[in-house]
Amino acid sequence: MNDALDHVTEGVLVVDADWHVTRANAVAATHLGRDPSELTGVDVRDVFPRSVDSTFHESVADDDSEPEAVAFEDYFPDLEAWFAVRTVPVDGGAVVVFHDVTARKDLERSIDDREAELDRLTRINATIQEIIRELVGATTREEIERTVCDRLAASDLYAFTWVGERDPISDRLIHRSAAGEYEGVVELLVEGSETSDGPESLEHAVVRTGETRLVRQLVEDESVPDPIRRVAFARGLQSAIAVPVRYGTTTYGVLGVYAARPDAFSERERESLETLGVATGFVINAARQRNLLLSDTVVELTFRVTDPEDALVATSSRLACSLAVEGIVPLAEGALRCFVSIEGAPPGDVHETVTDSTGFADARVVHETAADEATDGGLLELSITDASPLLTLVERGATVRTATFTEGVGRVVAELAPDEDVRAVVEAVGDRFPGSDLLAKRERERAVETAQEFRSSLHERLTDRQQTALRVAYHGGYFQSPRDSTAEELAEGLGITSPTLHYHLRAAQWKLVDAFLADDPDRPHRDERDAWHGDEEDNQ
């Protein structure tokens, strides 16, 4: 009989009416960590360990218990294993059959954990998408930060959230917005940024480094200041994450998120919250730009820049030339496309010098001055990705009006909305470029132009033939995609040639685009080009 039991792949214990083991196979002995000979004659209640729910032992609680059929799965702490157990009553006793199901249970638990994580991540992403949609309509930084905190706290995923900002003068954190059960905690987080002899708060570390910080066990992690660990224990806070609120290379502040569950922030959840931090920074920047655009008054700042880390300063010094930024086009996060006019140096030399500098992704020569002109020069197109006060100003919500660099000295004029924190902008430029000084700050009224006035000014600038060409092309579907009419068809209806129609359309489109994109309404319009006007009568 014992030989037959040894061929069974499950553990088997045969017990008599008094609950003593009469036979045991090798598999049962291995599972129980005993030698088969040690099991024979021993009360099965002493041999078989208790499970978490004590299902087996409760079924054989006393000597008068009758054997009954029992089947269950449970965890056995003493053996650190899960067993599937069943008892089969037989004449004069019972048979206990069990086998290890730990691997299956671990897999099921892993699947359950993944499903729970997926469900949580789905809820988080849905919440973040809702927040981002709501941020589109926000008009102030305060409204943006309040929306982020309120919506995250209302999701029931987190205990509380808050947004802080570094004070450029004191270097301490400032509490800007919060939601959830944050009272009494945020004060400690702010104070935790002021100590120099102990660990710093998560949020202060993020503002200092610009990198996300994560704590999976708040109470046990010694990198967390003691007062914060104590309040976390009292409040049941178990984990936290702090992500930068940034746009490009500029960190506006920090978003702190605290949860009442341990190991709350998976890698994907971390990535989602980092995305929210970037989106929040982008919307803050966009709101600043919009407020500046709609403001009747602006704050004008004039900087003198001599820091050689700025490539335009270094290039103008090295080549003893003058550079002027003619236009700036913000691209992706942390990048500007600039058009720079050159005077006093070959554009090829400027191109080579700039592309050898850090902070520039690429550049190309747009055009060079003619060979018979007295001074070398031209126009260069380049992408700025770092190390430029122009990028710092734009990311802080400013509009760069002029930027000139002559033999190592730069002069940059920028505008801010009147409600912006001018000190923070000046500090940001000074921190990044120590060789810069604020020369002037003044408030300036903007001329207000109504839509009708704008149309009237365009009407005055367009010739009759240009207006006719535009109207015919517009109503004839020439600007549709695909086009309803070709240039040849429109020209035939006007009784002119196709090249003549193209000429008038290009001239009119230039004036429209120039009026829309012109930074300075008082500068001369560049549509009065000698080449166009010299040929106009020839194209009639």
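Here a trainee and a mentor talk through a predicted model of a protein chain.

Trainee: Let's start with the overall picture. How many helices and strands does the protein chain have?
Mentor: Good place to begin, and remember that this model is predicted. Of the 540 residues in the chain, 45% count as buried. As for the elements you asked about, the chain has 20 helices and 18 strands.

Trainee: Among contacts with a separation of 6 or more, what share comes from residues 24 or more positions apart?
Mentor: Phe405 and Leu312 give a nice example, as they are 93 residues apart in sequence but 6.7 Å apart in space, C-alpha to C-alpha. For the protein chain, the share you asked for is 58%.

Trainee: Is Phe405 buried or exposed?
Mentor: Phe405 sits in strand 16. Among the residues it touches are Leu312, Cys321, Val325 and Val412. Its relative accessible area is 1%, and buried means under 20%, so Phe405 is buried.

Trainee: Now to Asp74 in strand 3. Which side chain of opposite charge is nearest to Asp74?
Mentor: Asp74 is buried and has no salt bridge. A salt bridge needs the two charged groups within 4 Å. The nearest side chain of opposite charge is 8.1 Å away, and it belongs to Lys105.

Trainee: Which side chain makes a polar contact with the side chain of Asp74?
Mentor: Asp74 touches several residues, including Ser51, Asp53, Thr55 and Trp82. With Asp53, the backbone nitrogen lies 2.8 Å from a polar atom of the Asp74 side chain. The side-chain partner you want is also at 2.8 Å, and it is Ser51.

Trainee: Which helix do the buried residues of helix 10 pack against?
Mentor: Helix 10 covers residues 226–235, and its buried residues are Ile228, Arg229, Val231 and Ala232. Just after helix 10 comes Gly236, with a positive phi of about 80°. The packing partner of those buried residues is helix 8.

Trainee: What is the phi of Asp156 near?
Mentor: Most residues other than glycine have a negative phi. Asp156 lies in the loop between helix 7 and strand 6, and at 68% relative accessibility it counts as exposed. Its phi is positive although it is not a glycine, near 65°.

Trainee: And what is the phi of Glu407?
Mentor: Glu407 lies in the loop between strand 16 and strand 17. With 51% relative accessibility, Glu407 counts as exposed. Glu407 is not a glycine, yet it has a positive phi of about 50°.

Trainee: Which residue does a cis peptide bond join to Ser481?
Mentor: Most peptide bonds are trans. The cis bond here has an omega of about 0°. The partner of Ser481 lies in the loop between helix 17 and helix 18, and it is Pro482.

Trainee: One last topic, the surface. How much accessible area does the nonpolar patch with Phe516 have together?
Mentor: Phe516 lies in helix 19, and at 66% relative accessibility it counts as exposed. The patch is formed by Leu512, Val513, Phe516 and Leu517. For the protein chain, the accessible surface is about 27,900 Å², with 48% of it belonging to carbon and sulfur atoms. The patch has about 410 Å².

Definitions and conventions:
Residues numbered from 1 in each chain as written. Predicted model: local features only at pLDDT ≥ 70, side-chain atom pairs only at ≥ 80, totals over all residues. Heavy atoms only, no water. Helix = DSSP H or I, 4+ residues; strand = E, 2+ residues; numbered from the N terminus. Buried < 20%, exposed > 50% of the residue type's maximum accessible area, 1.4 Å probe, protein only. Lys, Arg positive; Asp, Glu negative; His and termini not counted. Polar contact = N/O pair within 3.5 Å; in protein donor to acceptor, adjacent residues only side chain to side chain. Contact = heavy atoms within 4.5 Å. Patch = residues over 30% accessible without salt bridge, like charges linked within 9 Å, V, L, I, M, F, W, Y side chains within 5 Å. Areas by Shrake-Rupley, 256 points an atom, 1.4 Å probe, with all protein chains shown as cover. Lists of a residue's contacts leave out its neighbours within four places in sequence.
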